[in-house]
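Open the model in your viewer and keep the selection panel at hand. The stops below go from one whole chain to a single helix, then to the core and the contact between chains.

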Amino acid sequence: MGITAEYNSTAGRVVIDENEGHPGIKATTLSYGQINDEMLAMLDKPRPSYYLLLLGFLMALGLGVLSFAIQVDVGIGYSGISHPIAWGFYITNFVFWIGIGHAGTLISAVFYLTRAPWRTAIYRSAEAMTVFAVFTAGLFPLVHIGRPWLAFWLIPYPNERMLWVNFKSPLLWDVFAVTTYMSVSIMFFLLGLIPDLAILRDEAARKGKKLKALLYAPMALAWRGTNHQWVHYMRGYLIFAALATPLVFSVHSIVSWDFAMSSVPGWHTTIFAPYFVAGAIFSGLSMVLTVLIPIRAVFGLQDYITNHVIQSVSKMIIFTSIIVGYAYAAEFFIGYYSGSPFERAIFYYRPFGEMQSWTLLGENQINFPQIAFWLMVFCNVIAPIPLWRWKIRNNPLAVWIITILINIGMWFERFNIIGSSLQHEYDPASWGEYWPTIVEVGVTIGSFGFFFTLFTLFAKSLPPMAIMELKEGTNPPMKHAAKKDINE
Amino acid sequence: MSKFTGVWAIFEYLDETTETIEQVREQGVQPTVLMPCPRHEIDHALGEPGTLVPWIALAFGALGCLIGFSLPAWTASDWVLPVSGKPIVAIPPFIIIGFELTILLTAIFTLLGLFLLGFIDTCRFPIPKAAKKYRRFQRDRFGVVVRCDSSRIDEFESIMKKNGAEEVHVEKE
């Protein structure tokens, strides 16, 4: 199909065939000014429903803070964590939120390098999600250690006896991996924001809103959009994308080694790194859609976050769902093939519970890990199957429901890995049982409140889409093409 | 900063902007261009300008890698904790620290480097105050700024007008 260009005199711009432009953005014919106006309109004074939503999230956050305060007051013993289950809800939440934090950098860095143009409309929100999810995850080691005021012991500096932290410990690798990931994600996010903050500054000044302009001016770091600034910026951005790409894959690999480096049955396996990374991308992409589909509906962004974007993310979800499903099956095979009775026992315990007492209808000891296991299989392997159909992928509501199920499933996957193995290690005499207490549930709800509060505030204070990149994706204003068409 | 002498113009269309840039460059002057988003057409017209950012990234990446390996190796040797005959300075676990610090230092200094280079260029190629106050370069207009002697102002003014500039501004000391 050839390019058909025509000059639209009312809009004052060249209109080029929609099909030739940006596959992520339906409205490739939007002018630069229109993109500015439509994006900035999203930052207008919010409706009362926004405040209501924010209040709900703040209440959840308040519940989390209250629960944590009780735990600090009473002591870590108030949680369900006790020997032999030293890692419970908190570490599950930590791994879950780090996983959620994967999609943003994947979308902004990996899809930038692979030139997937549909990323443009969603990468800013996904990046913000990454930063907030990593913030949320970062709270959990502090909540978990019981005495959060001693958290600085993890920082690599020598104590008074000049004894350094143990660089050979996977837990310290995790400290390095997560802090590096958080730092790079924040820098990447802020770097992408600079030209848009300059837009906000100039638009505020243009409309005579001096206070707003004054507020945005220091944040825009004297950005003028000169060719010199753009050259450094674009090359720096490319380097950031290249740096963040291996980081995406390394962070969850290193998180998985927290488990895989130990000799606990069900954890000590070489597939953990790719298994965790696939799971992280799976859950992260699902969370992106869980958050963006309502935003798209509320702000009327169908021209930007097109069905094509939702379809593309859905395809990635199908792909990672297959990897995750395969990993579940492979784990069972490894358990069987290892010949180790402990490995076999744990992979019997996860789906079916206690080996001795299990009968189909009789008295059964179904425990929390068994609920987690079957929820995990249903939500992560079975629930995404409808996405194979084009009709389902093209229906945002159906996709949204599936992504919520996946989020639930991925949370339970983390719990399934952590909880079940610790309950049934080697010696039956030291087996234990874990049920979360009210403070752990409260802190978990609080973490969702924290994440969504930050995201809700972000959606109204900074442009949730990269205005500069949307402009890059649309057709530039060309005089000669217009002249040619008019003459024709 | 010295006062600005030269011409600056506002363009609505990209192709007019690139034509102006090319004609200004033919006169032996490198213009500064303001644009709402990066466009390859403008880079081509400007003769593919380069940047030092990748070299900064490489240098600090190498430094990060060096620190990432030497810090754990030094601390392990400084206070030796033998564990069942395992090597004291063990390379595989240090690869992770080395990798993370390589990425971290590269990222931090790439960011600082691009700000610093941007700042240096802002000083080297100043734009007039009136152009800074024109608020549509971040929105939907392209700007071409030519710094020249007052004797050549007419020459560049006519190039800009000929190429369909919306507005042409002459700045004299």
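What percentage of the 488 residues in chain A is buried? Select chain A: buried residues account for 50% of its 488 residues. Bear in mind that this is a predicted model. Colour chain A by secondary structure and you will find 17 helices and 2 strands. Among its contacts between residues at least 6 apart in sequence, 78% join residues at least 24 apart.

**Helix 4 of chain A**

Next, select residues 102-113 of chain A, which form helix 4. Put a distance between its end C-alpha atoms: they are 16 Å apart. At 1.5 Å a residue, counting one less than the number of residues, its 12 residues should span 16 Å, so the two values agree.

Helix 4 of chain A is mostly covered, with 10 of its 12 residues buried. Among the buried ones are A:His102, A:Gly104, A:Leu106, A:Phe111 and A:Tyr112. To see what covers them, add helix 3 (89-100), helix 5 (123-144), helix 6, helix 8 (227-260) and helix 9 (272-299) of chain A; the buried residues of helix 4 pack against these. Then step just past the end of helix 4 to A:Arg115, where phi is positive, at about 55°.

**The nonpolar core**

Which residues have the most contacts inside the largest nonpolar core? Select A:Ile98, A:Val184, A:Val288 and B:Val144; the core they belong to has 173 residues. Helix 6 of chain A, residues 170-206, is its greatest contributor, with 17 residues.

Centre on A:Val288 and show its surroundings. Leaving out residues up to four places away in sequence, A:Val288 touches A:Ala103, A:Ile122, A:Ala126, A:Met129 and A:Val313. A:Ala103 is one of the buried residues of helix 4 of chain A.

**Chain B and its contact with chain A**

Now turn to chain B and colour two parts separately: domain 1 (6-49 + 128-171) and domain 2 (53-118). The C-alpha centres of these two domains of chain B are 45 Å apart.

Bring chain A back into view and select the contact, to which chain B and chain A give 52 residues each. On the side of chain B, the elements giving two or more residues are helix 1 (14-26), strand 2 (32-34), helix 3 (53-78) and helix 4 (91-124). Helix 4 of chain B supplies the largest share, 18 residues. Colour this side of chain B by residue class to finish: 33 residues are nonpolar, 9 polar and 10 charged.

Definitions and conventions. Residues numbered from 1 in each chain as written. Chains lettered and ligands numbered in written order. Predicted model: local features only at pLDDT ≥ 70, side-chain atom pairs only at ≥ 80, totals over all residues. Domains from an automatic or database assignment. Contact = placed C-beta atoms within 7 Å. Helix = DSSP H or I, 4+ residues; strand = E, 2+ residues; numbered from the N terminus. Nonpolar A, V, L, I, M, F, W, Y, C, P; charged D, E, K, R; others polar. Core = buried A, V, L, I, M, F, W, Y, C linked by C-beta atoms within 7 Å. Buried ≥ 20, exposed ≤ 12 C-beta atoms within 10 Å, placed from the backbone.
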